[in-house]
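Hello,

Here is the structure I promised to pass on. Please open it first, then read my notes below.

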Amino acid sequence: MWESVALTLAGAAGNNVGKVLQKKGTHILPPLSFKLKVIRAYALNRLWISGFLMDMCGAALMLTALSQAPVSVVQPIAGCGLAILCVFSHFYLKESMNGLDWVAITLAGLGTIGVGVGGEEQKVDKIPLFNIPWLVLSIVILFVLLNTWLHIYKRQRREQELTGPEVIEEIIYGLESGILFGISSVISKTGFVMSEMGFPKIVVPAAISCSVGCSAVGFVYQTRGLKHGRAIVVSTCTSVASIVSGVVAGMIALDEHLPTAPTGRFFLLLGWFFIITGVILLVSSTRIIARLPRSMQKFLKSNVERTHSIRRPSSARGKDPIPSTTIHASTLHLLTSPSKEKA
C-alpha cells in the first residue's frame with residue numbers, strides 16, 4: 001500500500017511540476033500550433049520539454065499506482081499534488097506563501113499518511129456489471145440537471161443584465177470537470193481489473209484511451225469555468241468533486257469498500273477529510289486571510305511575503321491555482337492546464 005502511496009505522490013508531483021515548467025518555458029515560445037517551425041521551437045526548448053517529460057512520467061506513475069491500489073486510495077492522494085506544487089513554487093520559483101498555506105500543506109501531508117495507514121489492498125473477484133449502467137445513467141442525469149440549471153441561470157442573467165462574479169457558472173463547471181477527472185481514474189482502474197480477471201489484454205489500452213478522452217472533456221469544462229469565472233472557486237470545486245466522484249464511482253463500479261477493521265476505517269476517513277480540507281484551504285487561503293482581523297493577518301503572513309510587500313507596496317498578492325488535482329489530480333491529465341501563480 002505504501003508503494004502505491006509513494007507512486008501516487010510522485011505522479012501527482014510530476015503532473016503539477018511538469019505543467020509549471022511547461023508554462024515557464026512558453027514565455028519565450030510562440031502559441032502552440034502544428035506548424036513545423038513552432039513544433040521544432042517547443043522541442044528544442046529545454047525547460048518546456050523537461051516539463052512535458054515530467055508530465056508524461058507523472059501520468060505513467062499514476063497508472064502504475066492505479067494498477068496496484070484502489071481508486072479510493074489513489075484519487076484522494078492525487079489531490080495532494082497541489083500541495084507539492086506549492087512547495088516547489090516556493091523554493092524553486094521563489095513565490096511567497098502565508099501561514100495558512102503551510103497549515104493546508106501539513107493537513108494534506110497528514111491526510112496522505114492517514115490514507116496510507118488506513119487503506120488496504122482489495123482483491124476484486126468480479127465487477128458488478130449491473131451497477132455500471134446505473135452509474136453511467138446517474139452521471140448523465142446529473143450532467144443534464146447541471147447544464148439545465150446553468151442554461152436557466154445564464155438566461156436570467158441576460159434578462160436582468162446582472163454583472164459581477166458568475167458564482168453558479170463557476171460551481172457548475174468546476175463540479176462537471178471534477179466529476180469527469182474522477183471518473184477517468186475509475187475507467188483506467190477498470191481496465192486493469194478486467195485484465196487481471198482474464199479479459200483480453202486489449203481492454204487496458206482501450207480503458208486508458210477512454211480515460212484520456214474523459215479527461216480531455218473535463219479539461220474543456222475546466223477551461224470554460226476559468227474563462228468565465230474565478231479560478232479559486234473553479235479549482236476548489238474541481239478538486240473536491242474529483243476526489244469524491246472517484247471514491248464513490250470506485251465503490252459502485254469496482255465494488256471497492258471501506259476497510260473492515262474499525263481503526264483502518266477511521267484513519268482512511270480521517271485522511272480523506274484532511275486532504276479535502278487542505279485542498280480547500282490551499283486554494284482559498286488568500287481570501288480567508290483577507291477576512292480575518294488585522295492582527296491575525298500579520299501573524300499568518302510569512303516573512304517572505306512581508307518583505308515582498310515592502311518592496312512592492314502597490315502590488316497585491318493574488319492566486320491563480322492549478323485545478324488538477326483536481327486537480328486534476330486526475331489520472332491522465334496529459335493536457336497542459338493553467339498553472340499556479342502567486343504574484
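**One turn apart in helix 3**

Tryptophan 48 and phenylalanine 52 sit four residues apart in helix 3, so about one helical turn separates them. Please keep in mind that this is a predicted model.

How far apart are the ring centres of tryptophan 48 and phenylalanine 52, and at what angle do their planes lie? The centres are 5.4 Å apart and the planes are at 10 degrees. Planes under 30 degrees apart count as stacked, so this pair is stacked.

The two residues fall into separate burial classes. Tryptophan 48 has 13% relative accessibility, so it counts as buried. Phenylalanine 52 has 30%, so it counts as partly exposed. The cut-off for buried is under 20%. Tyr42 joins Trp48 and Phe52 in one aromatic cluster.

**Other rings**

The whole structure holds six aromatic pairs. One of them is phenylalanine 273 with phenylalanine 274. Their ring centres are 6.0 Å apart and their planes are at 45 degrees, so this pair is tilted. Phenylalanine 273 counts as exposed, because its relative accessibility is 51%. Phenylalanine 274 is partly exposed, at 21%.

**The chain as a whole**

The chain has 13 helices and zero strands. Its 343 residues include 49% that count as buried. The accessible surface comes to about 16800 Å². Carbon and sulfur atoms account for 68% of that surface.

UniProt, in an unreviewed entry, lists several stretches as "transmembrane region". Among them are residues 47-67, 131-150 and 202-221. I looked at two of these stretches in the model:

- Residues 131-150 are 100% helix and 0% strand, with the end C-alpha atoms 28 Å apart.
- Residues 202-221 are 95% helix and 0% strand, with the end C-alpha atoms 29 Å apart.

**The nonpolar cores**

The largest nonpolar core has 28 residues. Which of them touch the most other members? They are Val74 and Val186. Six elements give two or more residues to this core: helix 3 (46-68), helix 4 (71-78), helix 7 (131-160), helix 8 (167-196), helix 9 (203-228) and helix 10 (231-253). Helix 8 gives the most, with eight residues. The core draws on two domains, with at least three residues from each. Domain 1 covers 1-120 + 266-305, and domain 2 covers 123-256.

Now look at valine 74 itself. Leaving out residues up to four places away in sequence, valine 74 touches Thr8, Met62, Ala65, Leu66 and Ala69. Apart from this core lies another one, of 27 residues. Its members include Val20, Val73, Ala108 and Ile275.

**Serine 4**

One more residue deserves a look. Serine 4 is in helix 1, which covers residues 2-25. Is serine 4 buried or exposed? Its relative accessibility is 5%, so serine 4 counts as buried. Neighbours within four places in sequence aside, serine 4 is in contact with Ala65, Gln68 and Ala69. Ala65 and Ala69 are also among the residues that valine 74 touches.

Best wishes

Conventions: Residues numbered from 1 in each chain as written. Predicted model: local features only at pLDDT ≥ 70, side-chain atom pairs only at ≥ 80, totals over all residues. Heavy atoms only, no water. Core = buried A, V, L, I, M, F, W, Y, C linked by side-chain atoms within 4.5 Å. Buried < 20%, exposed > 50% of the residue type's maximum accessible area, 1.4 Å probe, protein only. Domains from an automatic or database assignment. Contact = heavy atoms within 4.5 Å. Phe/Tyr/Trp six-rings, centres within 6.5 Å; stacked < 30°, edge-to-face > 60°. Areas by Shrake-Rupley, 256 points an atom, 1.4 Å probe, with all protein chains shown as cover. UniProt positions renumbered as here; feature names shortened; annotations may be inferred.
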